[in-house]
Amino acid sequence: MHSGKPAVDPAKLVFWVDVLLLGVLGLFTLLRSPWRLRCFANGGEWKRGYMLYHVDTRADAIRSSPSDNTTAAGTSCRSYARPSSDFTHKLVYLSRTPIVSGYSLGRIVLMLLYFGVLLFAALFRDSVFTNPVRDAWIAVSQLPFVVALATKNNVFSVLLGVGHEKLNYLHRYSGRLLVLAANVHAIGFIYQWTLRGIWTQRLQQAEFRWGVVALVNADILFFFSLRIFRQLWYNLFIFTHLIALATLIIAISFHQPAAHPYIIIAAGLYIGDRILRVLKSHLPTAQIECIPDLGTTIVRVPQLNAGWRAGQHVRIRIFSTKMGWFGWTEVHPYTIAAAALERETYAGGEGLTLLVKKSGDWSRKLYAIAEGGKYDSWPDRSSKVRVHIEGPYGGPGNTMFSCFSGGLFFVGGSGITFALGAVREMLECAAERAARNADGDCGMRTIEIVWSVQHARSITPLLPLFTSLLQASGSAASNEDRPSGTSTPSSMSRRAKPTLKISVYYTRAITHLDAQALQIKDGSPLRGPEKMYNSHLDERHATKRADGCHVEHSNGDIHGGPLSGFPPGLSVHASRPQTPRVLSTFLDRTIETLPEYACDDEEQATRRSSGTGVVVGVCGPTALADDARRAIRNVDGRKRKSVGGIELVEE
């Protein structure tokens, strides 16, 4: 055992280590503060995204109430995207390069630096083999950080403007380092006491018995937090976490009274989070409907129609005996697919809307309830169930979709909910800004959704929604087929509505179900691949890729039959999206619609514009996000500067 007084007081050492970590947090907060302050400066934007509530849907109430969610008349959000040089731009997206699943280069560097700080605290003028006490202080000092990063309402998210789910990797990593330090501390003493033959004597003392209890619960936290338990037995993971954490805090307080300040802080953070989660919870009645073609259940909660931001999610629990005996214990997060009513300039609204993909036991049971509904509704029948809604959480943080000149969304499957909520909010904010500005300019230029699905028939259930979005945009009045190289008339530099384009890419061959759903009149889809891709396809609107597959453009005809229900701006493609080309084309379209500024310097040949940036949102498989990151990193520097910068938001 360590003899004499330690060279460095471990309590003071870990205190200054925590001060250093808090200083780093303050530095990151300061660096992100300019974009955080924009949320506060942009009307009432800072008020949104914390609590769900209900607002009056009467037309006179909405039209007469002053909107504090938009900028003042005649103002606009200038240069919202983070300006950067070519080197900085590539460095930022290099840090986002994935190294292993779930961990980018930037994350790994941050984790290594954090580990280095704790390793320095463990080895500075001491040895873990002779003085295991310091390792215990390191473990206890990190407990407040571990608890804070685990909570849904944590101070790190508020200061950095990042959703709690994006910081969860730091919670797991700091928690494992805490468990490692606790085990090193315990093994050191157990080894020394065993050699001296006093192990059983030490266990007779209450403080050391509580130490063993704390160690066992710390190891339980680690063991049941492994990925296999989180993915396959999530309820077991949550149950063991709650019980083991509470027992760990109590055991440490009895094991070492000197650790009480850290215990009090950790317990206060946890209790505060629980209180906020109760305040953010609601028990409304939801209407659920099934969409067979998508294998999806729509959950609508009309009682909650305001309080969230585009891209945020809620946690939902279903109270129904049809979900099983323990179905009420399961909580699942889903992105909100509707725009908050407070952003709408018209009365009505459908309330909080979720799309639940049928992919597990819980979602299958919910789909079965919707399938056997008793209330007449679209498309067939619906049911009403009592639900527990908690949120909103996550979201784009400091990024405000409505402040960009353009928005491009790459989504896959059920990720369409993210794009729908964001696009609705962008269109509504553009309409409000156009109504307030004297020149009628909405500030926003172009919006595009690129949706990747397996089957072409997936578009059918969402066709009415796509149609309503396209009609609310300026797509119907704009000429989408205008070549990208032509000049833009001056009248086009001021727009009352942004143009919207929706491109659906499907990867599976056309079947009779697709033909039925899309109302393809001839039988070409059933006559083999060669005829399927060539029968009655207008060659002027088709391009042939290297793999021989034809890709159809936005004229509304697909694989052998007219689709009269397709509105202008909606296109379907039999391929995977080529992300770099889609991004480059979108930037060109955005640049064309921006107003030009006169340039006195003749040597500057590039166009100077008033673009406020382009936001690229991604929600879907990991490969989809990787493609988007690579495309943004390699985008032409002149295009990036012309639009005002590019901002990436991953959901």
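**An open parallel sheet and two nonpolar cores**

In this predicted model, an open sheet of 6 strands (DSSP runs of E, at least two residues, numbered from the N terminus) has the order 18-13-12-11-19-20 with parallel pairing, two strands being paired if DSSP finds at least two bridges between them. Strand 18 (570-573) and strand 20 (646-650) form the edges, each pairing on one side only. Residues are numbered from 1 along each chain as its sequence is written, and side-chain values use heavy atoms, with hydrogens and water left out. Local features need pLDDT of at least 70 and side-chain atom pairs count only at pLDDT 80 or more, whereas totals for chains, interfaces and linings use all residues.

Strand 13 (residues 499-506) runs parallel to strand 18 and is joined to it by 4 bridges; Tyr505 stands opposite His573 in strand 18.

Helix 19 (residues 622-633; helices are DSSP runs of H or I, at least four residues) has 12 residues, which at 1.5 Å a residue should span 16 Å (1.5 Å times one less than the number of residues), in agreement with the 17 Å between its end C-alpha atoms. Its buried residues (under 20% relative accessible area, 1.4 Å probe, protein chains only) include Leu624, Ala628 and Ile632.

The largest nonpolar core (buried Ala, Val, Leu, Ile, Met, Phe, Trp, Tyr and Cys residues joined through side-chain atoms within 4.5 Å) has 48 residues, with Ile138, Leu143, Phe156 and Ile252 making the most contacts inside it. Helix 5 contributes the largest share of this core, 10 residues. Apart from this core lies another, of 44 residues, among them Val411, Met444, Tyr506 and Ala574.

Notes
Buried < 20%, exposed > 50% of the residue type's maximum accessible area, 1.4 Å probe, protein only.
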